[in-house]
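Visitor: Pick one spot in this model and take me through it up close, please. After that, I'd like to hear how the surroundings look.

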Amino acid sequence: MKMTKVVPFAMSALLIGGAVVAPTASANEGEAVVTNATDNNEQNPQVQPIFIKITGTIENVEKREDSTYYTVKEDENTNVFVVNDDTLVFDNTGKEVKLQKGDKVTAYTYANKPMLMIYPPQYNPEVIIVETKEMGTVEVDFFNKELVNTDNTLKLNVGKETEILSLSGKKVKTEDLAEQHLLVFYTIATMSIPAQTPPSKVVVLDTIAQEPGETDPSKAAVQEIINNDFYEVEGTKMVPLRLIAEELGFKVESTGKGAIISKGALSYTITRGQKEYGYNKALRYFKVAPALLEPTKTYVPVEFVEELMK
């Protein structure tokens with residue numbers, strides 16, 4: 001078994017400098033707005049993205065118990081979208097669709113949502129759009145009192161023909177769209193600044209728990225543990241089981257050969273040296289078997305942390 005204790009700074013630099021580049025993406029253009037000189041900062045302030053926008057083509061689909069993992073690739077960049085029943089999936093005309101292998105897609109994820117530093121990067125998008133040959137443009141952003149988006153590129157002129165919906169199921173009117181996170185579908189826009197459009201459909205994203213500016217203290221603490229205490233075994237990042245599980249509110253009981261981790265109705269039975277582990281009454285499998293890499297500290301693949309964080 002090949003095992004390497006990696007210097008956290010070096011690994012962080014590799015992950016941030018190589019694979020995990022999407023968090024700097026603009027919600028509208030796919031790139032951050034960057035000024036070239038100090039004098040320009042006042043005239044062209046940096047626009048902080050509300051959503052990360054990631055595009056690519058679905059190359060692989062892996063169904064798991066409560067989610068489906070879509071591997072998406074664009075040029076040399078590979079990302080994984082974790083999709084469940086709460087993920088909104090439309091085509092660019094506003095029609096609800098099912099994701100399929102070969103689809104060209106664009107995913108929108110809150111920019112400040114906690115994300116584990118693993119490769120390939122994994123995202124839990126709020127919205128996924130399937131691109132078609134039909135005419136239709138999509139905007140996912142925060143709109144102010146004047147219904148203008150964050151970087152002043154689009155203003156909504158909502159009319160009688162605009163279909164207005166909300167995720168919560170509440171009836172909403174035009175005045176309810178102000179200062180909301182919106183999913184907007186439109187086909188035409190003026191050449192003005194900002195461009196103005198009569199949207200065909202607007203969805204208020206009012207049931208999404210992770211709002212910009214919110215942070216989850218436990219998830220932030222878990223990421224700190226991962227950054228400072230991990231090994232690489234056979235190309236897999238291994239992290240300390242007990243420290244992370246207890247931080248997430250799980251009870252950890254040692255079995256001598258591993259541990260039983262439980263919280264509410266959830267129970268995991270993990271045995272060092274075995275890739276299979278118990279999940280309630282079912283069996284699941286690690287890529288690399290848990291191991292005692294330091295005295296009294298069992299390490300597991302970092303992907304298991306995502307399961308605990310769901």
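Guide: Let's start at Glu294, which is partly exposed, with a relative accessible area of 21%. Keep in mind that we're looking at a predicted model. The side chain of Glu294 meets that of Lys297 in a salt bridge, at 3.6 Å from N to O. Lys297 counts as partly exposed too, at 24% relative accessibility. And Lys297 has another partner: a salt bridge links it with Asp229, where the closest N and O atoms are 2.6 Å apart. Look at where those two sit: Lys297 is in strand β23 (residues 297-301), while Asp229 is in the loop between α3 (217-228) and β15 (231-233), so this pair ties together parts that are 68 residues apart in sequence. Asp229 is buried, because its relative accessible area is 10% and the cut-off for buried is under 20%. Put together, Asp229, Glu294 and Lys297 form one network through salt bridges that share partners.

How many salt bridges turn up in the whole structure? A search finds 5. One of them joins Glu62 and Arg64, with the closest N and O atoms 3.2 Å apart. Here Glu62 is partly exposed at a relative accessible area of 36%, and Arg64 is partly exposed at 42%.

Glu62 also brings us to the strands, since β2 covers residues 51-63. β2 pairs with β6 (residues 104-110) in the antiparallel sense, over 7 bridges. If you want a place to put your cursor, Thr55 has Thr106 in β6 as its bridge partner. β2 also runs antiparallel to β3 (residues 68-74), and 6 bridges join them. For that pairing, try Val61, whose bridge partner in β3 is Tyr70. The link from β2 to β3 is a hairpin through 4 residues. While you're rotating the view, remember that in a regular strand the side chains alternate between the two faces of the sheet.

Now for a couple of residues tucked inside. Val184 has its place in strand β12 (residues 180-186). Is Val184 buried or exposed? At 0% relative accessibility, it counts as buried. Leaving out residues up to four places away in sequence, Val184 touches Thr137, Val138, Glu139, Phe143, Leu156, Pro199, Lys201 and Val202. If you'd like a distance to check, Val184 and Ile164 are 20 residues apart in sequence and 9.6 Å apart in space, C-alpha to C-alpha.

Thr197 is the other one to see, in strand β13 (residues 195-197). Thr197 counts as buried, with 0% relative accessibility. What does its polar side chain find there? A polar atom of the Thr197 side chain lies 2.5 Å from the backbone oxygen of Ile188. Beyond four places in sequence, Thr197 touches Leu154, Lys155, Leu156, Asn157, Tyr186, Ile188 and Ala189. Leu156 appears in the contacts of Val184 and in those of Thr197.

Stepping back, the protein chain has 5 helices and 23 strands. Of its 310 residues, 43% count as buried. Take the contacts between residues at least 6 apart in sequence: 60% of them join residues at least 24 apart. The chain exposes about 17100 Å², with carbon and sulfur atoms supplying 49% of that.

And a word on confidence before you zoom in anywhere else. The chain's mean pLDDT is 83, and 79% of its residues reach 70 or more. Over residues 7-45, though, pLDDT is below 50, and this stretch has 59 contacts in the model beyond near neighbours in sequence. Residues 209-215 also stay under 50, with 16 contacts beyond four places in sequence. Where pLDDT is low, the predicted coordinates should not be read in detail.

Technical notes:
Residues are numbered from 1 along each chain as its sequence is written. This is a predicted model: local features need pLDDT of at least 70, side-chain atom pairs count only at pLDDT 80 or more; totals for chains, interfaces and linings use all residues. Side-chain values use heavy atoms; hydrogens and water are left out. Buried means under 20% relative accessible area, exposed over 50%, partly exposed in between (1.4 Å probe, protein chains only). Contact means heavy atoms within 4.5 Å. Accessible areas come from the Shrake-Rupley method with a 1.4 Å probe; for residues, only the protein chains shown count as cover. pLDDT is the predictor's confidence in each residue, from 0 to 100. A polar contact is a pair of N or O atoms within 3.5 Å; within protein, one must be able to donate a hydrogen and the other to accept it, and residues adjacent in sequence count only if both atoms are side-chain atoms. A salt bridge is a side-chain nitrogen of Lys or Arg within 4 Å of a carboxyl oxygen of Asp or Glu. Two strands pair if DSSP finds at least two bridges between them.
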